[in-house]
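Okay, thanks everyone, I'll keep this short. Have the sequence and the structure open, and follow along as I go.

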Amino acid sequence: MDRSAFTACLDRWLDRAAPAPDERELAIALPPALTKGWAPPEAAFRAAIRVLGQHSVVAAALAGGPATPQLHAALARPLATTILRQCLVTDPAWERMLTAVRAGLVAEPAAAPLPLAVTLALQCILNEYVWAVTPTEVAAAAALDAALHASFAPSHAAVLAAYRLIGEELWLDTGATVDPAIADLLRVMHDEPRQDRALIAGIAALDAVADPVSRAVRSQYEENPYPRWTVCAREEPQPFAGFRAAIAERYGLSVRHAAPRPRILVAGCGTGQQAIQCASQFREAEIVALDLSRPSLAYAARKTAELGLDNVTYIAGDLLDLRGPPFDYIECLGVLHHVAQPARGLSVLAENLAPGGLIYLGLYSAAARDSIAAARDLVDRHKLAPTIDGIRALRALVRSKAAMPGARAQRLAPLFGFLDFYSTSMCRDLVFHGMEHVFTPRGVAGLVAGAGLSFLGFGFAAASAAHAYAAVNPGDPLVSDPRAVAAFERAHPQAFAAMYLCLAAKPLT
């Protein structure tokens, strides 16, 4: 199956009106597609749970039934193993079920199937242990830790790793032969972090970060590199000149001749997904990826090397200190709204953009983040800290209050639709961030104009929203009228739940 065929199948598998996919077909198609970057992991997860949820034992457990050996067997099937080891669980019912399964394994570790225990541990490392933990589980995990130091057992170690990272000394002190079944777990817990620590020293840097807000933001992302990921979607390779020519034609732009090796900046690259996507799409380009957090950059550099990409340079620093040769294209998604003065940040980026260059921005929508504002109210009211305990407490409060009748529940309910709700670093970024600005469509357009850039238009993360907008605004095919976008958002408050995505250009003269 090639990429286009797989994409067509994935669209069909995700269509609730269409028959559910065949499990065997999905189990064969998904692993290579995820490895090759053909599928966003969140879409692969949604397709898989359509199938897995049809098993009677899984359906019963999702409805609140007990975690039985039959459920364990169903979760050890190839499709479930692939999805749970590589894709973040972003469904509340699945999270509740798997949390219950984990609690059962730590209560009776002697009965824990090793493959399932490893799968749960890898999922919990991916979500950074964000799932709720009861005092009974804490006590059971502590007892299991003590027992492991006395008598090592791979399945017991895997169960414990579903609650916390296990120090390398445990594996070494036992002198035990490492079971091949836990090789992936050891790689994720020990080998990869060791590689990241080694990579930090080799990361180039701009000036020392002086801005106090930038220093505070850096501290957050050094404590919680954002986001942790295993696989990411990637675009098909294409010449940058063709990409720019297509945009110029669509928006009626005059552009200068593309350089043989165009320069692209990813400002605020985090752990590298966006930089990797750019590097995969524009293989002839020189990609510079900038971020405040060295641990995030080390993670990004390791993942980039794993994929065999050699056209990315990672740099530690503040975009406010950016200077040097201009860039032909800049991507800055989810960053400027965390700068003390977004207008200043965008002006710096504009100064570093070549005349005729393009910039792709992502900025938070005030309307789409009303549920997050409600969650922030809970954080303030309950004085929750941006720690693992505070994040777990916030998630428990959201679940509890969203289940109650009333306006507050309606405000909180959209939180479950945010992918960022389902991991520690992402939930911290979503709700606990120390610096955040939100925008309106007119505010975005004004910000762009204030930086001396030409606003071209908004984009939609979801095709369904794009189609809905086109249906009610046929006279605005470029989605460039902020008033029409604002009116559409009032009718569809979650249309820009990810962010306002917009394109701008720097005039040639």
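I'll go from the overall fold to the cores, then the aromatics, and finish with a few odd backbone spots. One thing up front: this is a predicted model.

So, the big picture. The chain has 24 helices and eight strands. How does the radius of gyration of the chain sit against a compact globule? For 509 residues you'd look for something near 23 Å, and the chain has 24 Å, so that agrees. If you want a box around the C-alpha atoms, think roughly 70 × 50 × 50 Å along the principal axes. In the chain, 51% of the residues count as buried. And if you take contacts with a separation of 6 or more, 76% of those are between residues 24 or more positions apart. The accessible surface is about 21,400 Å², with 57% of that belonging to carbon and sulfur atoms.

Now the inside. The largest nonpolar core has 91 residues, and the ones with the most contacts inside it are F6, W94, L98, L185 and L394. Helix 8, residues 114-126, gives the largest share of that core, 10 residues. There's also a second, separate core of 43 residues, and L290, L336, F439 and F458 are among them.

Let's zoom in on L98. Skipping its neighbours within four places in sequence, L98 is in contact with L75, L84, V89, L120 and W131. L84 is also one of the buried residues of helix 6, so let's look at that helix. How many residues of helix 6 are buried? Seven of the nine, residues 78-86 being the helix, so helix 6 is largely enclosed by the rest of the structure. Its cover includes helix 2, helix 3, helix 5, helix 7, helix 8 and helix 12.

On to the aromatics. Across the whole structure there are 21 aromatic pairs. Take F460 and Y469: their rings are 5.6 Å apart centre to centre with 45° between the planes, which makes it a tilted pair. Both residues are buried. They belong to one aromatic cluster with F455, F458, F488, F496 and Y500. Rings also have arginines over them here: R263 lies over the face of F327, at 4.2 Å from the ring centre, and R395 does the same over F421 at 4.7 Å.

Next, the loop between helix 8 and helix 9, which is where you'll find E128. Is E128 buried or exposed? It has a relative accessible area of 17%, and the cut-off for buried is under 20%, so E128 counts as buried. Leaving out residues up to four places away, E128 touches P225, R228, I388, S423, T424, S425 and M426. With R228, that's 100 residues apart in sequence but 8.0 Å in space, C-alpha to C-alpha.

Last bit: backbone oddities. Most residues other than glycine have a negative phi, and most peptide bonds are trans. Y129, in that loop between helix 8 and helix 9, has a positive phi, near 60°. Y129 counts as buried too, at 10% relative accessibility. V479 sits in the loop between helix 23 and helix 24, with a positive phi of about 50°, and V479 is buried at 8% relative accessible area. Then there's a cis peptide bond joining Y226 and P227, omega about -15°. P227 is in the loop between helix 13 and helix 14.

That's my tour, thanks for listening.

Conventions. Residues numbered from 1 in each chain as written. Predicted model: local features only at pLDDT ≥ 70, side-chain atom pairs only at ≥ 80, totals over all residues. Heavy atoms only, no water. Core = buried A, V, L, I, M, F, W, Y, C linked by side-chain atoms within 4.5 Å. Buried < 20%, exposed > 50% of the residue type's maximum accessible area, 1.4 Å probe, protein only. Helix = DSSP H or I, 4+ residues; strand = E, 2+ residues; numbered from the N terminus. Contact = heavy atoms within 4.5 Å. Phe/Tyr/Trp six-rings, centres within 6.5 Å; stacked < 30°, edge-to-face > 60°. Lys NZ or Arg CZ within 6 Å of the ring centre and 35° of its normal. Rg over C-alpha atoms; globule rule 2.2 N^0.38 Å. Areas by Shrake-Rupley, 256 points an atom, 1.4 Å probe, with all protein chains shown as cover.
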